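Visitor: I would like to learn how to read a protein structure, one feature at a time. Could you show it to me and take me through it?

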Amino acid sequence: MATLRRSWLGILGLATLLAAAALVLDPRARALLLDAPAADEIALAAARTLQGPVLWIDARPAADFARNHIPDALPLNLDEWDTRIVDVLARWQPGTRVIVYCDDRACSTSRAVAEKLRREYQFDDVLILHGGWSAWQTAAGK
Amino acid sequence: MALAAPTSLPLRLATTAAFAIAAALPTFAALKWDSLEAAVKVRAEETVAHTRYGFVNAGDKPVTITNVYAGCGCTSPRLAKNTYAPGERGEIQIAFDPRNREGLYRASVTVTSDDSVTTTLQFVADIEPLVSFDTRFVFWRPGEPRTPKHMRLNFAEGHPATIADVTSSDPRFVIATTPLDDSRRAFDIEVAPPAEAINYTVITVRTLVGADQAERTFNLVARTLPAPAAASQAAQAHP
């Protein structure tokens, strides 16, 4: 029994050391572990304090958008781009800040949508909601 | 932009350690995957790309895959059957639609089995662009002279491609398409807006690409912006 306990303690110690090393050495791991938004991301709390018009873009699949979404958000995902982009462009105005979200931190679609808006539509103020729809739901207590 | 509120570092470390321990523990998942990651290069003319994830039931009981979830509408997973006997091999085939994507694109597929194990398969596509635009959106501010504006289309080198036609959903926006060189790989699309206040037009560029002349369409938008009072109603305030 004592041997087993020592083994577990050894694993625990080793894992702690590895985690600490990853935290210190790898910037990606540090960002992941410290949960800090990347340069092109914005935390929900900060988004809520923004002044001026904000256009929320929901980059999740259409079925997920239909179930629920951030109020006033417009759907825009890469699969239905040509049909959805028109509504976005019809609402956008110069000076509007665009915030794109998808499911969660593991989801890359919001970044792909944001990059496409910057590259092909010359939108210069596009951010990604850090944590995506999951962050919104967490803040809403769901 | 504000950073998230800092949280306790020891707490983070402890949480991470817990995850690391969980990862270090022997797993009892019966399905052993050949690889959890796949990469595929998608040529410009391709409209679908395929890859597969092989696995074997390394346990001593049958395993049933209860759900395969693709996090993106672009990814269609296919499973030949759901239940696998001990020692039996299987695979999940992935069909990827690269439409509207270019460069590196990441997607994932989540597989759940009846032994309560969930596995995430990662997929990275490197998509060669076929058509690029310098912009797909032009607009005129209120009071701005309604002089024509331009969008430029470029076909990637090495792929047969041509413009079939260019049409405008509102004919009051006048469109003119001009090749920029003899190779007809680059085109200027000029948009002349009407003098009166009209919201927008959708310009559809129909192209024929590849040896089989497959049709691909791209929508561009030209818009005359409303005066600020109307604009403030259009853009929504944040929740």
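Guide: Start with the names of the elements: helices (H or I, at least four residues) and strands (E, at least two) are runs assigned by DSSP, and they are numbered from the N terminus. Keep in mind that this is a predicted model. With that numbering, R184(B) can be placed in the loop between strand 14 and strand 15 (186-192) of chain B.

Visitor: What is the phi of R184(B) near?

Guide: Phi of R184(B) is near 55°, which is a positive value in a residue other than glycine. R184(B) is partly exposed, its relative accessible area being 45%.

Visitor: Where is S116(B), and is S116(B) buried or exposed?

Guide: S116(B) sits in the loop between strand 8 (103-113) and strand 9 (118-127) of chain B. Over 50% relative accessible area counts as exposed, and S116(B), at 69%, is therefore exposed. Here too a residue other than glycine has a positive phi, near 65°.

Visitor: Now sheets. How do strands of a sheet pair?

Guide: Strands of a sheet pair through backbone hydrogen bonds, and the pairing is either parallel or antiparallel. In chain B, four strands make an open sheet in the order 10-12-15-14, with antiparallel pairing. Strand 10 (131-133) and strand 14 (174-179) of chain B are at the edges with a single partner strand each, so one side of each has no neighbour in the sheet. From one strand to the next, the twist averages 20°.

Visitor: How many bridges join strand 10 and strand 12 of chain B?

Guide: Strand 10 of chain B pairs with strand 12 (residues 149-155) of chain B over three bridges, in the antiparallel sense. To follow one of them by eye, find F133(B), whose bridge partner in strand 12 of chain B is L153(B).

Visitor: How does chain A run from the N terminus on?

Guide: The order of its elements is α-α-β-α-β-α-β-α-β-α-β-α. That comes to seven helices and five strands in chain A. Chain A has 142 residues, of which 46% count as buried. Among its contacts between residues at least 6 apart in sequence, 65% join residues at least 24 apart. Chain A exposes about 6,900 Å², and carbon and sulfur atoms supply 60% of that area.

Visitor: What should the 13 residues of helix 6 of chain A span?

Guide: The expected span of a helix is 1.5 Å times one less than its number of residues. For helix 6 (residues 109-121) of chain A this gives 18 Å, and the end C-alpha atoms are 17 Å apart, which agrees. The helix also has buried residues, including T109(A), A112(A), V113(A), L117(A) and Y121(A). Just after helix 6 of chain A comes Q122(A), with a positive phi near 60°.

Visitor: How many salt bridges does the structure hold over all chains?

Guide: A salt bridge is counted when a side-chain nitrogen of Lys or Arg is within 4 Å of a carboxyl oxygen of Asp or Glu. The structure holds 21 of them over all chains. One of these joins R111(A) and D40(A), whose closest N and O atoms are 2.6 Å apart. R111(A) lies in helix 6 of chain A and D40(A) in the loop between helix 2 (27-34) and strand 1 (41-42) of chain A, so the pair ties together parts 71 residues apart in sequence. R111(A) is partly exposed, at 28% relative accessibility.

Visitor: Which parts of chain B does the pair of D126(B) and K41(B) link?

Guide: The side chains of D126(B) and K41(B) meet in a salt bridge of 3.3 Å, N to O. This pair links distant parts of the chain, with D126(B) in strand 9 and K41(B) in strand 2 (residues 37-42) of chain B, 85 residues apart. D126(B) is partly exposed at 30%, and K41(B) is exposed at 61%.

Visitor: What are the closest N and O atoms of E88(B) and K81(B) apart, and which residues do shared partners join into one network?

Guide: The closest N and O atoms in the salt bridge between E88(B) and K81(B) are 2.4 Å apart. E88(B) is partly exposed, with 24% relative accessible area, and K81(B) is partly exposed with 36%. Salt bridges that share partners join D82(A), K116(A), R119(A), E120(A), E102(B) and R136(B) into one network.

Notes
Residues are numbered from 1 along each chain as its sequence is written. Chains are lettered from A and ligands numbered from 1 in the order in which they are written. This is a predicted model: local features need pLDDT of at least 70, side-chain atom pairs count only at pLDDT 80 or more; totals for chains, interfaces and linings use all residues. Side-chain values use heavy atoms; hydrogens and water are left out. Two strands pair if DSSP finds at least two bridges between them. Axes are lines fitted to C-alpha atoms, for helices over the stretch in contact, and angles run from 0 to 180 degrees between N-to-C directions. Buried means under 20% relative accessible area, exposed over 50%, partly exposed in between (1.4 Å probe, protein chains only). Contact means heavy atoms within 4.5 Å. Accessible areas come from the Shrake-Rupley method with a 1.4 Å probe; for residues, only the protein chains shown count as cover.
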